[in-house]
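This report describes a single protein chain for a reader who works with atomic models. The sequence and the structure are shown first.

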Amino acid sequence: MSGGDNLLKLVEAEEPDEHDYRLQEQVGFILRKAHQRHVSIFAAQISDLTPPQFAALAKLHDVGETSQNQLGTLIAMDAATVKGVIDRLKARGLVDLTKHEVDKRRLLVNLTPQGREAIERLIPLARAITQETLAPLNAKEAATFMRLLAKLA
């Protein structure tokens with residue numbers, strides 16, 4: 001039996017006692033362990049990009065050119081974090097930055113041809129990563145899990 005199975009049985013078997021606090025039963029702890037598992041799977045498949053860098057490229061692939069701030073909003077990153085991500089992608093030649101024609105303070109981000117080729121090559125790997133992350137669940141459980149996570153988010 002895996003550690004995840006043991007944790008699930010523990011969480012299901014015990015009635016909560018208002019005076020007990022078991023870290024391994026807390027949502028943040030379980031989410032962090034699941035996230036660590038996913039990041040490990042991601043790194044094994046896509047070792048040359050971080051998940052935030054991949055997210056930026058994938059969203060740019062979806063929406064096309066957008067402002068740096070809007071990209072941050074779309075991928076749930078604060079302005080400082082998305083700036084660092086974009087700077088690293090730019091240094092690798094995967095995105096271009098240009099100033100907005102009217103508002104020169106706004107930076108627009110777009111995929112370079114190299115960035116477009118990279119994300120199109122990586123999207124099938126990302127699908128496989130999602131499948132591997134969700135592999136312990138059957139199809140109905142995976143759909144329910146994703147729906148509930150989206151509700152929390």
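The sections below treat the overall fold, a helix pair, a loop, the salt bridges and a surface patch.

## Overall architecture

The model is predicted. Its protein chain contains seven helices and three strands. Read from the N terminus, the order of elements is α-α-α-β-α-α-β-β-α-α.

Of the 153 residues in the protein chain, 26% are buried. The accessible surface of the chain is about 10,400 Å², and carbon and sulfur atoms account for 55% of that area. When contacts between residues at least 6 apart in sequence are considered, 47% of them join residues at least 24 apart.

## Packing of helix 2 against helix 6

Helix 2, which spans residues 27–45, packs with helix 6 at an angle of about 145 degrees, and the two axes are 10 Å apart. The crossing of helix 2 and helix 6 is right-handed. On the helix 2 side, the residues that meet helix 6 are Arg37, His38, Ile41, Phe42 and Gln45. Their counterparts in helix 6 are Leu125, Ile129, Glu132 and Thr133.

Thr133 illustrates this packing from the side of helix 6, the element in which it is found. Once neighbours within four places in sequence are set aside, Thr133 is in contact with Arg37, His38 and Ile41, and these three residues also appear among the helix 2 residues that meet helix 6. The relative accessibility of Thr133 is 18%. Residues under 20% are classed as buried, and Thr133 therefore counts as buried.

## The loop between helices 4 and 5

Helix 4 (68–74) and helix 5 (79–91) are joined by a loop that contains Ile75 and Ala76. Is Ile75 buried or exposed? Ile75 is buried, with a relative accessible area of 14%. Ala76, by contrast, has a relative accessibility of 73% and so counts as exposed.

Which residues are in contact with Ile75, apart from its neighbours within four places in sequence? They are Pro52, Ala55, Ala56, Lys59 and Val82. The C-alpha atoms of Ile75 and Leu60 are separated by 10.0 Å, with these positions 15 residues apart along the chain counted as their spacing. Ala76 merits attention for its backbone: its phi angle is near 60 degrees, a positive value in a residue other than glycine.

## Salt bridges

Side chains of opposite charge can pair when their charged atoms come close. The model has six salt bridges by the criterion applied here. Among the six, several link residues into a network: Asp20, Arg22 and Glu25 are connected in this way. Within that network, Arg22 forms a salt bridge with Asp20, for which the closest N and O atoms are 3.3 Å apart. Arg22 also forms a salt bridge with Glu25, where the corresponding separation is 4.0 Å. The members of the network are partly exposed: Asp20 has a relative accessibility of 38%, Arg22 has 28% and Glu25 has 25%.

Another salt bridge joins Lys59 and Asp62, the closest N and O atoms being 3.8 Å apart. Why are Lys59 and Asp62 separated by about one helical turn? The two residues are three residues apart in helix 3 (residues 51–63), which means that about one helical turn separates them. Lys59 is partly exposed at 23% relative accessibility, whereas Asp62 is exposed, with a relative accessible area of 57%. Lys59 is also one of the residues in contact with Ile75, a buried residue.

## A nonpolar surface patch

Leu137, Phe145 and Met146 make a nonpolar surface patch of about 240 Å². Leu137 is located in the loop between helix 6 (113–134) and helix 7 (139–152).

The relative accessible area of Leu137 is 32%, and the residue is therefore partly exposed. Patch residues are required to have over 30% relative accessible area, a cut-off that the 32% of Leu137 satisfies.

How values were computed. Residues are numbered from 1 along each chain as its sequence is written. This is a predicted model: local features need pLDDT of at least 70, side-chain atom pairs count only at pLDDT 80 or more; totals for chains, interfaces and linings use all residues. Side-chain values use heavy atoms; hydrogens and water are left out. Patches are made of residues with over 30% relative accessible area and no salt bridge: like charges are joined within 9 Å, nonpolar side chains (Val, Leu, Ile, Met, Phe, Trp, Tyr) within 5 Å. Accessible areas come from the Shrake-Rupley method with a 1.4 Å probe; for residues, only the protein chains shown count as cover. A salt bridge is a side-chain nitrogen of Lys or Arg within 4 Å of a carboxyl oxygen of Asp or Glu. Helices (H or I, at least four residues) and strands (E, at least two) are DSSP runs, numbered from the N terminus. Buried means under 20% relative accessible area, exposed over 50%, partly exposed in between (1.4 Å probe, protein chains only). Contact means heavy atoms within 4.5 Å. Axes are lines fitted to C-alpha atoms, for helices over the stretch in contact, and angles run from 0 to 180 degrees between N-to-C directions. A crossing is left-handed if the near helix is turned anticlockwise from the far one by less than a right angle, and right-handed if clockwise.
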